[in-house]
Each structure stands twice: as structure tokens, then as C-alpha cells.
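Dear colleague,

I am passing on the structure we spoke about, and below it you will find what a look through its empty spaces and its ligand site turned up. Please read the notes with the model open beside you.

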Amino acid sequence: MAENSESAFPEGFLWGGATAANQIEGAYNEGGRGLATSDFARWVPKEQRISGKATSWATYEMLDDMMAHPENYNFPKRRGIDFYHRYEEQLEALAGMGFTVFRTSISWSRIFPNGDDAEPNEEGLAFYDKVFDKCLELGMQPMVTLCHFDTPLHLATEYQGFLSRHTVDSFVRYAETVFTRYKDKVKYWLTFNEINSSLGNPYTCSGLVLHDDGTPNPYKEQWQAKYQCAHNQFVASALAVKKCHEIIPDAKIGNMTCRLENYAETSKPEDELQVLFEDHFNWFYSDVQAKGEYPYYMNRFFNDYGIKIQMEPGDEEILKEGTVDFLSISYYMTYIMRYKGSPVPKPNGSLVTDIKNQYLEVSEWGWPIDPIGFRITLNHIYDRYHLPIFIAENGLGAVDKVEADGTINDDYRIAYLQKHVEQLGEAIKDGVDVFGYAWWGPIDLISSGTSEMTKRYGFVYVDQDDFGNGTLALSKKKSYDYYKKVIASNGADLSID
Ligand code: BG6
């Protein structure tokens, strides 16, 4: 795209980056914070990771062992990047790129240490006051996710997370507390991060702890429990939407799904049918949150697999009344579908399909890089819902090399950013209503799926390794100035020097 060409992006478009409390804050046992499920996400050497399975899940048996022998484990999310103590310096580094939006989440167990305490923890509330004040002082709108993969541990182990309505009630009380406290500071909210990943990662996403059934992945086919969790999270989300509208009438509140765009492997109708099945499993979440009712296509799946969603009286009305104001997505890649003979969704929660797209490059973690897929998926979403869209995550995890002179030449990240922003601009020209773009991990942070520091997404480098060694000093990568230029030109100047 030529320099100074007219921008496709509307005036006031929000540019920035996204993080999550459990991946940046650290200080897991300070300030009155209680334990969360994410505190048991462990680092394991690459060769010991169970294929396709994140290191952030746990069973009751695993939790028992981790609690009894913490010395045998490395829990990087307990450290994060020490944002809890260094938020000022870190936010300033981000604002230096011209960010107008900063997405983070509130750690529920910082506010209610057990998730369901009688009173909120004032020290936790005061911490976020300081963070949001600093964001606003730096010209960044905070966009806040209520729950980003960190259910309070007590609710997970005692109630199996969102399998219980007690967790729904606790969540709504927590949401009401933070809406009331930050009503003058936070005008953009999201309910659950990647709510659709509850199918693959129920511990991470729904706080659902199960017993080990002896297989490498005990979560494989617990459809009943997983869909009940999803239902309870839909209700919790809808109730939070209603509370948000009551308490902060000028706020906007959205959902957040991991957008899974699928291509058929061949032109065989059966492959296309598999695409349809997979699409249904993914649209299901945003259909309920945006349209306020269960879509027709889930009935057959529920009947065929004996899944019975337990609804309480009034649930259907709650879903109808608590539809979101906008949709937000994470977009990282696209997938290839081959007919499997049944509509059963991918069981293991892995984002990476085993079928390679011969036309796409992959990241060092095997994630296909597909900027055109970004445009396609945005058109599909807008066509389905006609609601504004916020890009809550997009980015590239890579191994960065610090040169002898301290520079980090991450041209691969610049190329990724350029191509995705270009396609985002195309989608906007197509008529898709997108109001903001947040790069995932604009400052290096702990990986969600693999709990490592080595997988870096940032424009800002953080001097820390997988074991917590390092000074935590910040430095700018080459991509820092590139994103700054993109933002300054409102997306018009994507030229690479
Ligand atoms: C999304 C999550 O799934 O992807 C983030 O919302 C996560 O929390 C991001 O960090 C990238 O995944 P990973 O495993 O590379 O950190």
C-alpha cells in the first residue's frame, strides 16, 4: 500500500494491544489475591508436552500433586511480567506507540479471593483504579475482560467452576462490583475471553475440574458437562450485560470468541459438510450471545449425543435480554476440514489442525498465517450479525533474537502486522463495521497455551526467560516504530522501509 494513500480506517478507530491479568500481572499471592486456575498452568519442556494439549489444564489429581509438591513445578503465570509492580513503566512503553486502547482483564480472585467472599478486597480494587487512571492519563481507553482464563480456584475445585449456578451468581456479583467501582473509567467491557474454547479447554475457560479417567486427555468427550458450563456462562454473560447497561449506560459490552474459519480440504461435498458442522460448533457461542437464543442446528447434536441442557426458569428471557452490543474476536489462523463421518467437533482443544494448508506459511508454533482469511472471516461475521466488531487479538508468537548491540530485528512480525492490517482495511472497505484493532501481547508476556516466555508476541521486549531469570528491563523491537507509524497514519501508511 502506498504511503499517504487514503486510510480505509474510520476516524477515531481504536488502535492498541491486548493482554490478560493472568499472563502479565504476577504477584499471585500479593495484595490479598486468592489463587486462580491459571496459577496451576505449568511450564514443561516442549518434548514432554502432550500433543495438541495446552499446559494450562488440570484435573483434580494434578491439582493435588501441584499443591502438595509446588517445588517440582515451574508456574510462570504466577510471575507474569510483574505488571502488578511495573504497570506504569509498561503502560508508558505501550502508549509510546500511540495506543488509544489497552485491553486487559481483571483478576477475579484479586477482587474476591475465593470468588464468592462476603466483601470485595479493597487492595485489589485499588490496584485497578491505578491501572485505569494511568491508561486514561496516557490517552488509552481501557477495554476490560471480566474473566480471561482465571476462575478463582475455590470455585473451580469446590463447585467445578461454571458447572454450578453458584459460580454464575458469584460472577454476576463480581461483575456488578467492578462495574460500580470503575463506571467512570471503563467504557468498554468484554464478558468471557474466548468463550468457545470451553469445549476444548474447559478447565481454563470454565473452571471445570474433572477427575483423571486414565487417558492422556480426560476432557475428551465430556459433552454434557462442557455444554452445561457453556449454558451457565451464557446466562452469566447475559446477566453481566444487563448489569453493565444499568450501571454504566454509556458503556459498550461485547462477547469474545476465538474465530475459527474453516476451509474444505477438497471440493468433495462431504468435506464442505464438515466445514458446516465445525462452523456450527463455533457460531453456536456468538449466536447465543448476539441473538439471545439457542440456534436450531444444535438440537440435533444435543439429541444424538444425549446432551440435556438444564435451564432454570427465566433463563431464556435472560439470554434474550442480555445480548451483546458488539462482537469481539481473536483471529490467528484458519483451518482445513476433512469429512470425519460425524458432526463431532475437534476434541482436544488444540488450535492447530493436523491437515496442512499447502498455500500457507506457518509460525514457529505451527500456526498457519492467513491474512486473507482475516478478511474472509470478518465478512462472514458481519454478514451473520450486523453488529460492530472489535479485533480483541491478532498477532504472531515467535522466538526473538537479541543481537550483540541489543537490537531485535523482528521483520517477521512487521510482515505479519502489515498483511493483517492491510486485509483488515480491505474488510472495512467491503463494508464491515470494525471499530478497533488490538494486537495480542504488544509487550512480551507469558503464553496462555504453553506457559512459556519464549513465545513472544511483543513490540516491547521484556528481559525474562521461561524460568523467571532476567532483569525485566524493557526494550523496543524493530516492530515498535513500525506499529507506531501505522497508528499515526490511521492505517494508511503500511510501507516497510
Ligand atoms: C488466545 C488467548 O487464545 O490466544 C490468549 O485469548 C493467548 O490468552 C493467545 O495468549 C495466544 O496463545 P498463546 O498460547 O500463544 O499464548
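I begin with the second largest cavity, whose lining is made up of Tyr332, Ser363, Trp365, Trp367, Pro368, Ile369, Gly395, Leu396, Gly397, Tyr416, Lys455 and Tyr457. Please bear in mind that this is a predicted model. The volume of this second largest cavity comes to about 50 Å³, and its lining, sorted by class, has eight nonpolar, three polar and one charged residues.

When the whole structure is searched, five cavities of 30 Å³ or more are found. The largest cavity has a volume of about 70 Å³, and of the 13 residues that line it, Thr257, Arg259, Trp283, Ser286 and Ile329 are those nearest its centre. Two or more lining residues come from each of strand 5 (252–258), helix 10 (269–291), strand 7 (326–330) and helix 13 (371–385). In terms of class, the lining of the largest cavity consists of six nonpolar, six polar and one charged residues.

The ligand is the next place to look. It is surrounded by 14 residues, and the closest of them are Glu194, Glu393, Ser448, Lys455 and Tyr457; Lys455 and Tyr457 also appear in the lining of the second largest cavity. By class, the shell around the ligand divides into five nonpolar, six polar and three charged residues.

Several side chains come within polar-contact distance of the ligand's oxygen atoms, and you may wish to display them individually. For Glu393, a side-chain N or O atom is 2.7 Å from an oxygen atom of the ligand, while for His148 the corresponding distance is 2.8 Å. Tyr332, which is also among the residues lining the second largest cavity, places a polar side-chain atom 3.5 Å from an oxygen atom of the ligand. The protein covers 95% of the 380 Å² of accessible area that the ligand has on its own.

Finally, I would draw your attention to Arg165, which lies in helix 7 (residues 165–181). The side chain of Arg165 is joined to that of Asp315 by a polar contact of 2.9 Å. Leaving aside residues up to four places away in sequence, Arg165 touches His231, Asn232, Val235 and Glu312 as well as Asp315.

With best wishes

Key. Residues are numbered from 1 along each chain as its sequence is written. This is a predicted model: local features need pLDDT of at least 70, side-chain atom pairs count only at pLDDT 80 or more; totals for chains, interfaces and linings use all residues. Side-chain values use heavy atoms; hydrogens and water are left out. On a 1 Å grid over the protein atoms alone, a cavity is a set of points where a 1.4 Å probe fits but cannot get out, and a pocket is an open set with protein on both sides within 12 Å along at least five of seven lines; lining residues have an atom within 4 Å of a point. Grid points are joined across faces, edges and corners, and a volume is the space filled by probe spheres set on the points. Helices (H or I, at least four residues) and strands (E, at least two) are DSSP runs, numbered from the N terminus. Ala, Val, Leu, Ile, Met, Phe, Trp, Tyr, Cys and Pro count as nonpolar, Asp, Glu, Lys and Arg as charged, and the others, Gly among them, as polar. A residue is near a molecule or strand if one of its heavy atoms lies within 4 Å of it. A polar contact is a pair of N or O atoms within 3.5 Å; within protein, one must be able to donate a hydrogen and the other to accept it, and residues adjacent in sequence count only if both atoms are side-chain atoms. Accessible areas come from the Shrake-Rupley method with a 1.4 Å probe; for residues, only the protein chains shown count as cover. Contact means heavy atoms within 4.5 Å.
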